[in-house]
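Work through the exercises below with the sequence and the structure at hand. Each task is followed by a solution in steps.

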Amino acid sequence: MVSDITLLGATGYTGGLTADYLGAHLPAGASWAIAGRTRGKLEQVADRIETAGGARPELVVADVTDASSLAAVAEATRVLVTTVGPYLKHGEAAVKAAAEAGIAYLDLTGEPQFVDDMWLKYHATAADSGARLVHAAGFDSVPYDLGVLYTVQQLPDDVPISVNAYLRAGITPSGGTFHSAVGQFSSFRESAKLAKKRRASEERPADRKVRGAGKLGRAPHDTGWAVPLPTIDPQVVLRSARALPTYGPEFTYGHFAHVRTTRMLAAGAVGVGALAVTAQVPPLRKLLLSRMDAGDGPEQAKREKAWFKLDLLAEAGGDTLHTRVTGKDPGYGGTAKYLGEAAMSLAFDDLPQVSGQTTTAVAMGQALIDRLNPAAMKFQTCEEHHADPH
C-alpha cells in the first residue's frame, strides 16, 4: 500500500510536533506513516497520537544511513517529509530516494550548502522523474517566500519591483538549529565552492533580472537598524522570483533583521562573530556541540512566548505597498504547522506541475498561503498607494 504522506524523524523534537499535527489534521481517508530507526519509539509516537484522538500512522523502520531502506520508503509514499538534521550530515539519502522515485519531498533545512549540493546532485534526476524537491519548508523559509509572493501578487507585473523585508522575532533555538548553524559556520569555504558551482550550472531567465540587495542602514521610519541577514531565506525568495513572471521584469530583494537599538546591534555582532570563529577550531567546535543535543528543544512555556513579525515594504513603478506576516511559536509549533500543511498541500491540492528542486512559492504558492492564513501565520496588507495589479 502506498501512503499519502510519510514522515521521517517523528521521534525527534520538531518531528514529534509535526507528527502530532498531521495526526490531528489529516483529512478523512488519508493514509500516512512515520519512519525511523527504532520501532519501539515509533510505537510510542503512534500511541500518543491515537490517545489524543488523531489518526494512527503506519510504522516503517528505516535509517538515514541505509540508502536501500530509504529507497523502499520513497517507493511506498507520495510525499516524503524529513525532519532529520543537521541535513549536511543526515539528509542526502532521503533526497536521493525521493528524486529517483519521482515523488514529492519536504524538509526543514536552513543550510545553503546542503541545498546547493542537492541541486547539483539530484535536480536533473528529479526533473526527469517528476519529483518535487522542496527544501526550507519551516520558519526557514516559508514566511519570507510566501510573504513576498503574497506581496507581489498585489502589484503590477510589468514594471520593476523591489521588496525589502524586515524581521523582528523572539525565538529560543533548538538543538537541531544550533547544530546546523555551527555546521554552516565551520564549512564556509566548501559552501562558497558549491554555491559558485551551482551558479555556473543553473539557468537564469534571459528576459528578466533578479538580484539581491541591501547593506547595513537605518530601519524604516528611523526605528533602529536594518541588518542584512545572510540566511538561506533570500536565496529561496530569489529562486522563486526567477521562476515566476509575477515578480516583474526586474526584481530586487533585501532581507534584514530589524534591530531596535545600537546596543542590541553590537551584542548580536559580537555573538555571531564569536560563534563563527569558534566553529572553525575542531576541539572548540566539539565543545560547542556538546552543550546542546541535536534532539533538544525549548520547553512549552518558552515556545508559547515565541513570535515573529515580518514587514515587507514594496515599490513597483511608483506604487508602494506594505504587507506583514506574523505568527507565534515559529520555530517549533509553528514550523510543525507549516511543514504539515505543506505536506498535505503536496498530497491533496491541485498544484502546478513543476519538478526538480523548487520552492514553496513555486510548488504550492497560493494554495499553501490559503492553508496557513490565518491559523498558522497571518498575511495582511497594511498600506497601499495606487497599486493596480493586473
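## Exercise 1: one residue and its surroundings

Tyr253 is found in strand 11 (residues 250–259). The model is a predicted one.

Task: Decide whether Tyr253 is buried or exposed, and list what Tyr253 is in contact with beyond its neighbours within four places in sequence.

Solution.
- Step 1. The relative accessible area of Tyr253 is 1%.
- Step 2. Buried means under 20% relative accessible area, so Tyr253 counts as buried.
- Step 3. With neighbours within four places in sequence left aside, the contacts of Tyr253 are Tyr144, Val148, Val163, Ala165, Arg211, Gly212, Ala213, Pro234, Val237 and Leu238.
- Step 4. Take Arg211 from that list. Along the chain, Arg211 and Tyr253 are 42 residues apart, while 6.6 Å separates their C-alpha atoms.

## Exercise 2: the open sheet

Task: Give the order of the seven strands that form an open sheet, and say which are the edge strands.

Solution.
- Step 1. The order of the strands is 3-2-1-4-5-6-14, with parallel pairing.
- Step 2. Strand 3 (58–61) and strand 14 each pair on one side only, and these are the edge strands.
- Step 3. On average, neighbouring strands in this sheet are turned by 20 degrees against each other, direction ignored.
- Step 4. Look at one pair inside the order: strand 4 (residues 77–82) pairs with strand 5 (residues 104–107) in the parallel sense over four bridges. Thr82 stands opposite Asp107 of strand 5.
- Step 5. Add a helix: helix 14 (residues 333–348) lies across strand 1 (3–8), strand 4, strand 5 and strand 6 (132–134). Helix 14 runs at about 165 degrees to strand 4.

## Exercise 3: the second largest pocket

Task: Describe the second largest pocket by its volume and its lining.

Solution.
- Step 1. The volume of this pocket is about 410 Å³.
- Step 2. The lining has 21 residues, and those closest to the centre are Arg198, Glu202, Arg239, Ala243 and Gln357.
- Step 3. Two or more lining residues come from each of helix 6 (112–129), helix 10 (233–243) and strand 14 (356–358). Helix 10 gives the most, with four residues.
- Step 4. Sorted by class, the lining has nine nonpolar, six polar and six charged residues.

## Exercise 4: the whole protein

Task: How many helices and strands does the protein have, and what share of its residues is buried?

Solution.
- Step 1. The secondary structure comes to 16 helices and 15 strands.
- Step 2. Of the 390 residues, 51% count as buried.
- Step 3. Among contacts with a separation of 6 or more, 79% join residues 24 or more positions apart.

Definitions and conventions
Residues numbered from 1 in each chain as written. Predicted model: local features only at pLDDT ≥ 70, side-chain atom pairs only at ≥ 80, totals over all residues. Heavy atoms only, no water. 1 Å grid on protein atoms, 1.4 Å probe; cavity = no way out; pocket = protein on both sides within 12 Å on 5 of 7 lines; lining within 4 Å. Points joined across faces, edges and corners; volume = space filled by probe spheres on them. Nonpolar A, V, L, I, M, F, W, Y, C, P; charged D, E, K, R; others polar. Pairing = 2+ DSSP bridges. Axes fitted to C-alpha atoms, helices over the stretch in contact; angles between N-to-C directions. Contact = heavy atoms within 4.5 Å. Buried < 20%, exposed > 50% of the residue type's maximum accessible area, 1.4 Å probe, protein only.
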